[in-house]
Amino acid sequence: MVKVNADYHSIARPFIFPMIEAKVAKHPKPVINLGIGDISLPLIPTVAKAIKEAVHKMEKTPVGYGPSTGYPFLKEAIIENEYHQYGISTDEVFITEGTKADSIAVQELFCQSACVGLLDPTYPAYSDGCLLSGKTHRFPLPCTPYFPEPPEETLDLIYLCSPNNPTGIAMHRELMTRWVAYAQRHNSIIFFDGAYAAFATPSIPKSIYEIQGARQVAIEMRSFSKTAGFTGLRCAYVIVPKELLEGKVHALWTLRQNIKCNGVSYPIQCGALASLSQEGKKEAGAQVNYYMTQTKALREGLQERGIPIFGGIDCPYLWWSAPQGVSSWQFFDLLLDHGIVSIPGIGFGLQGEGYVRLSGFVSPETVQAALDALPLLIY
Ligand code: PLP
């Protein structure tokens with residue numbers, strides 16, 4: 001008899017979103033949702049226009065499968081806008097449907113015995129991906145809430161996310177330089193998730209390739225999701241430098257894309273291209289500023305109330321430390337009693353216990369409502 005894939009059972013952690021929804025559904029009044037990890041503004045006009053034009057073109061001319069690694073027009077725009085100064089070339093850019101799937105897929109390229117370093121708390125896809133692919137050597141890197149220094153032990157693969165979800169903190173240049181040097185010393189590969197790069201303040205490295213030597217040790221993933229409002233459209237990219245393991249990683253990733261993908265849809269790639277035009281960058285940048293304005297207002301409002309809060313300067317997430325001895329779920333319940341929805345930190349790893357995550361992907365009215373609700377809190 002056929003058996004199901006037991007690796008799926010190895011994901012023992014509870015899925016927190018259905019649990020949150022169930023609790024919110026029981027709450028008697030409308031809630032103030034600060035748990036949102038999704039965009040809350042409509043699509044920018046320049047992207048909408050480009051997508052509509054691409055669809056109109058397809059009404060007149062057949063546009064079939066595109067290149068499995070992405071259209072050159074989008075790769076060239078990505079290089080011109082983000083990477084030309086770091087010596088990355090267009091054939092090192094791979095257009096994909098999303099960083100979530102990419103972050104799981106990249107570790108498929110490496111052997112089962114590889115030891116994987118995972119931040120804790122972390123974006124859950126990285127650890128779930130390791131479990132699903134049977135990578136049993138996992139090494140926790142406590143991120144409580146600041147990024148850790150590289151460890152003494154040798155890690156083969158390391159997931160780093162900066163600016164970081166869920167802690168909302170970005171890695172400064174000196175520490176990133178030490179991680180790159182560590183990877184060089186240990187022949188490790190860093191998977192660098194830059195999904196929130198657009199939110200970082202100027203002193204923070206937006207790309208790991210800003211660090212000398214990173215092309216020999218790092219794969220970088222970026223997404224249009226939060227940067228240009230593509231969560232409902234789906235477009236991202238992976239940079240795989242040819243220097244990694246003497247070209248072997250680039251060759252394998254190319255092969256993987258050819259085997260598993262038939263490309264991202266033409267209209268969506270046209271939309272992504274439009275987000276990199278002068279007008280597109282202005283509109284997308286205004287949305288990023290809008291989210292960071294709400295994040296700042298929330299952060300400052302909480303700090304004025306003496307609340308210990310982390311993050312929210314380079315990333316639209318705030319990481320809130322619960323009172324001593326109060327668990328993430330207990331604190332979630334306490335906030336929900338006052339109508340505020342947060343995300344329990346335990347959902348991002350064991351070291352997330354005792355924290356909740358708040359999001360700045362909200363309106364000014366939501367921020368105000370949350371701050372108004374807070375004086376009622378028994379802290
Ligand atoms: N990486 C991080 C750190 C994220 O927080 C998210 C979404 O919340 C993603 C990746 C997902 O990106 P995408 O929408 O491109 O799959």
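**Close-up 1. Lysine 260 and its salt-bridge partner, glutamate 108.** At 52% relative accessibility, lysine 260 is classed as exposed in this predicted model, because the cut-off for that class is over 50%. Its side chain meets that of glutamate 108 in a salt bridge, with an N to O distance of 3.2 Å. The pair links distant parts of the chain, since lysine 260 belongs to helix α7 (residues 248-260) whereas glutamate 108 sits in the loop between α4 (99-105) and β3 (116-120), 152 residues apart. Glutamate 108, for its part, has a relative accessible area of 38% and is partly exposed.

**Close-up 2. The salt bridge of glutamate 246 with lysine 248.** The side chains of glutamate 246 and lysine 248 come together in a salt bridge at 3.4 Å, N to O, and both of these residues are exposed.

**Close-up 3. A salt bridge within helix α9, between lysine 282 and glutamate 279.** Both residues lie in helix α9 (residues 278-304), where three residues, about one turn of the helix, separate lysine 282 from glutamate 279. Their side chains form a salt bridge with an N to O distance of 3.8 Å. Lysine 282 is exposed, its relative accessible area being 58%, while glutamate 279, at 41% relative accessibility, counts as partly exposed.

**Close-up 4. A network of salt bridges that share partners.** Glu82, Glu220 and Arg222 are joined into one network by salt bridges with shared partners. Across the structure as a whole, 13 salt bridges are found. In general, side chains that carry opposite charge can pair when their charged atoms come close.

Key. Residues numbered from 1 in each chain as written. Predicted model: local features only at pLDDT ≥ 70, side-chain atom pairs only at ≥ 80, totals over all residues. Heavy atoms only, no water. Salt bridge = Lys/Arg side-chain N within 4 Å of Asp/Glu carboxyl O. Helix = DSSP H or I, 4+ residues; strand = E, 2+ residues; numbered from the N terminus. Buried < 20%, exposed > 50% of the residue type's maximum accessible area, 1.4 Å probe, protein only.
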